[in-house]
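Here is a short note for a colleague opening this entry for the first time. Please keep the view open while reading.

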Amino acid sequence: HKEAKDLMNGFGLKELVFVGVENILACKEGEVNMLEESEYKKWLELCYKLGKDENLMGTSEHFLYIGRK
């Protein structure tokens, strides 16, 4: 993930968000999508928090980078 961050920051962008997507909860996507909205939002927030955890970046299939010029 460091290489991806370095690449994007090399364009002169200010990093706002860098998060791993499809992390360790990816295998539960079907179950999470079937939840009521309030429970779904809780799982989505957990997924986001885990996606920002540096120790779990290696479990993500993709990364989301949001930067500002």
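The numbered points below go from the whole chain to single residues.

1. Status and layout. This is a predicted model. The protein chain has 3 helices and 2 strands. Along the sequence they follow the pattern α-β-α-α-β. Taken along the principal axes, the C-alpha atoms fill a box of roughly 40 × 20 × 15 Å.

2. Burial and surface. The protein chain has 69 residues, and 19% of them are buried. The chain exposes about 5200 Å². Carbon and sulfur atoms supply 58% of that area.

3. Contacts across the sequence. Take the contacts between residues at least 6 apart in sequence. Of these, 81% join residues at least 24 apart. Points 5 to 7 give examples from single residues.

4. Charges. The protein chain carries 10 positive and 13 negative charges. The mean positions of the two sets are 9 Å apart.

5. The ring cluster. Look for the aromatic pairs; the count comes to 2. In one of them, the rings of Phe-18 and Tyr-65 have their centres 6.3 Å apart. Their planes stand at 70°, so the pair is edge-to-face. This pair links distant parts of the chain. Phe-18 sits in strand S1 (residues 14–21), Tyr-65 in strand S2, and 47 residues separate them. Phe-18 is buried, at 6% relative accessibility. Tyr-65 is buried too, with a relative accessible area of 15%. Ring pairs join Phe-18, Phe-63 and Tyr-65 into a cluster.

6. Gly-20 and Ser-60. Gly-20 belongs to strand S1. At 5% relative accessibility, Gly-20 is buried. Ser-60 lies in the loop between helix H3 (37–52) and strand S2 (62–68). Ser-60 counts as buried as well, at 12% relative accessibility. The two residues are 40 apart along the chain, yet the C-alpha atoms of Gly-20 and Ser-60 are separated by 5.1 Å. What does each one touch, leaving aside neighbours within four places in sequence? Gly-20 is in contact with Gly-51, Met-57, Ser-60, His-62 and Phe-63. Ser-60 touches Gly-20, Val-21, Glu-22 and Asn-23.

7. Lys-5. Is this lysine of helix H1 buried or exposed? Lys-5 is found in helix H1 (residues 2–9). Lys-5 counts as buried, because its relative accessibility of 19% falls under the 20% cut-off. Outside its neighbours within four places in sequence, Lys-5 is in contact with Glu-15, Phe-18 and Glu-54. Phe-18 is also a member of the ring cluster in point 5.

8. Two leucines of helix H3. Leu-44 lies in helix H3. At 47% relative accessibility, Leu-44 is partly exposed. The C-alpha atoms of Leu-44 and Asn-33 are separated by 9.7 Å, and these residues are 11 apart along the chain. Leu-46 is found in helix H3 as well. Leu-46 counts as partly exposed, at 35% relative accessibility. Leu-46 and Leu-25 are 21 residues apart in sequence, and 9.1 Å apart in space, C-alpha to C-alpha.

9. The cysteines. How many disulfides are there? The count comes to 0. Why is Cys-27 not bonded to Cys-47? The closest cysteine sulfur to that of Cys-27 is in Cys-47, 11 Å away, which is too far for a bond. A disulfide needs the two sulfur atoms within 2.5 Å. Cys-47 is therefore in no disulfide: its nearest cysteine sulfur, that of Cys-27, is 11 Å away. The exposure of each can be checked in the view. Cys-27 counts as exposed, at 62% relative accessibility. Cys-47 is partly exposed, with a relative accessible area of 24%.

10. Where to look again. Begin with Phe-18, which pairs with Tyr-65 and is in contact with Lys-5. Then turn to Gly-20, which is in contact with Ser-60 and Phe-63. Phe-63 leads back to the ring cluster with Phe-18 and Tyr-65.

Conventions: Residues numbered from 1 in each chain as written. Predicted model: local features only at pLDDT ≥ 70, side-chain atom pairs only at ≥ 80, totals over all residues. Heavy atoms only, no water. Helix = DSSP H or I, 4+ residues; strand = E, 2+ residues; numbered from the N terminus. Buried < 20%, exposed > 50% of the residue type's maximum accessible area, 1.4 Å probe, protein only. Contact = heavy atoms within 4.5 Å. Areas by Shrake-Rupley, 256 points an atom, 1.4 Å probe, with all protein chains shown as cover. Lys, Arg positive; Asp, Glu negative; His and termini not counted. Charge placed at Lys NZ, Arg CZ, Asp CG, Glu CD. Phe/Tyr/Trp six-rings, centres within 6.5 Å; stacked < 30°, edge-to-face > 60°.
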